[in-house]
Amino acid sequence: MKKKLKHLFDNLCCSQCKCGFDEDSIEIKREETGLLVTHLTCRNCGKSFGVAFLGLNNIEIKNPEDMALEVQEGPEAISYDDVIDAHRFIQSLEADWQKHLPK
Ligand SMILES: [Zn+2]
């Protein structure tokens with residue numbers, strides 16, 4: 001699964017040190033049916049990019065280049081419905097996980 005995830009980040013790099021991401025940059029916090037909760041961290045400088053919620057349908061995309069996934073500081077772009085769906089999966093994540101959600 002991590003190898004598939006890596007494709008999503010292949011063309012991205014750390015905004016702080018410009019180091020590319022690899023499999024070890026991705027920590028899977030939760031893996032549930034239809035949803036992955038991942039945490040992306042730069043292995044070079046240790047910068048954290050927060051928690052990303054990924055639908056498994058996206059992971060199965062054949063052309064990773066088609067993924068419009070942007071890594072940025074702060075909350076990932078997720079819809080309100082995604083937040084509701086994900087909520088029950090992430091209740092036991094770190095206590096301050098809600099800081100990653102849009103206000
Ligand atoms: Zn970095």
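Start by colouring this predicted model by confidence: among the elements of the protein chain, strand β1 has the highest mean pLDDT, 88, while helix α2, residues 56-59, has the lowest, 56. With the whole protein chain selected, the mean pLDDT is 71, and 51% of the residues reach 70 or more.

**The whole chain**

Keep everything displayed and switch to a cartoon, in which the secondary structure comes to three helices and three strands, following the pattern α-β-β-β-α-α when read along the sequence. Of the 103 residues in the protein chain, 17% are buried. If you draw the contacts between residues at least 6 apart in sequence, 50% of them join residues at least 24 apart.

**The loop before the sheet**

Next select lysine 18, whose place is in the loop between α1 (2-9) and β1. Although lysine 18 is not a glycine, its phi is positive, at about 65°. Lysine 18 counts as exposed because 10 other C-beta atoms lie within 10 Å, and the cut-off for that class is 12 or fewer.

**The sheet**

Now select the three strands together, which form an open sheet in the order β1-β2-β3, with antiparallel pairing. β1 (26-32) and β3 (48-54) are the edge strands, each with a single partner strand, so one side of each is left without a neighbour in the sheet. From one strand to the next, the twist averages 15°. Strands of a sheet pair through backbone hydrogen bonds, in either a parallel or an antiparallel sense.

Restrict the selection to β1 and β2, which pair in the antiparallel sense over six bridges; one residue to pick out here is arginine 30, whose bridge partner in β2 is valine 37. These two strands form a hairpin with two residues between them, and in the turn glycine 34 has a positive phi of about 80°.

Then move across to the other pair, where β2 (residues 35-41) and β3 run antiparallel and are joined over five bridges. Leucine 36 has leucine 54 as its bridge partner in β3, and histidine 39 stands opposite valine 51 in β3.

With β2 still selected, show its side chains and ask which residues of β2 belong to its covered face and which to its uncovered one. The covered face carries Leu36, Thr38 and Leu40, whereas Leu35, Val37, His39 and Thr41 belong to the uncovered face. Val37, the partner of arginine 30, and His39, which stands opposite valine 51, are thus both to be found on the uncovered face of β2.

**The second hairpin loop**

Follow the chain out of β2 to glycine 46, which lies in the loop between β2 and β3. The hairpin of these strands has six residues between them, and glycine 46 takes a positive phi near 85°. Is glycine 46 buried or exposed? Glycine 46 counts as exposed, because it has 10 C-beta neighbours inside 10 Å. Add cysteine 17 to the selection: although cysteine 17 and glycine 46 are 29 residues apart in sequence, their C-alpha atoms are 9.6 Å apart in space.

**Where to read with caution**

Finally, select residues 61-68, over which pLDDT stays under 50 and for which the model has seven contacts beyond four places in sequence. A further stretch to select is residues 70-74, where pLDDT also stays under 50 and the model has seven contacts beyond four places in sequence. Where pLDDT is low, the predicted coordinates should not be read in detail.

Definitions and conventions. Residues numbered from 1 in each chain as written. Pairing = 2+ DSSP bridges. Helix = DSSP H or I, 4+ residues; strand = E, 2+ residues; numbered from the N terminus. Axes fitted to C-alpha atoms, helices over the stretch in contact; angles between N-to-C directions. Buried ≥ 20, exposed ≤ 12 C-beta atoms within 10 Å, placed from the backbone. pLDDT = per-residue confidence, 0-100. Contact = placed C-beta atoms within 7 Å.
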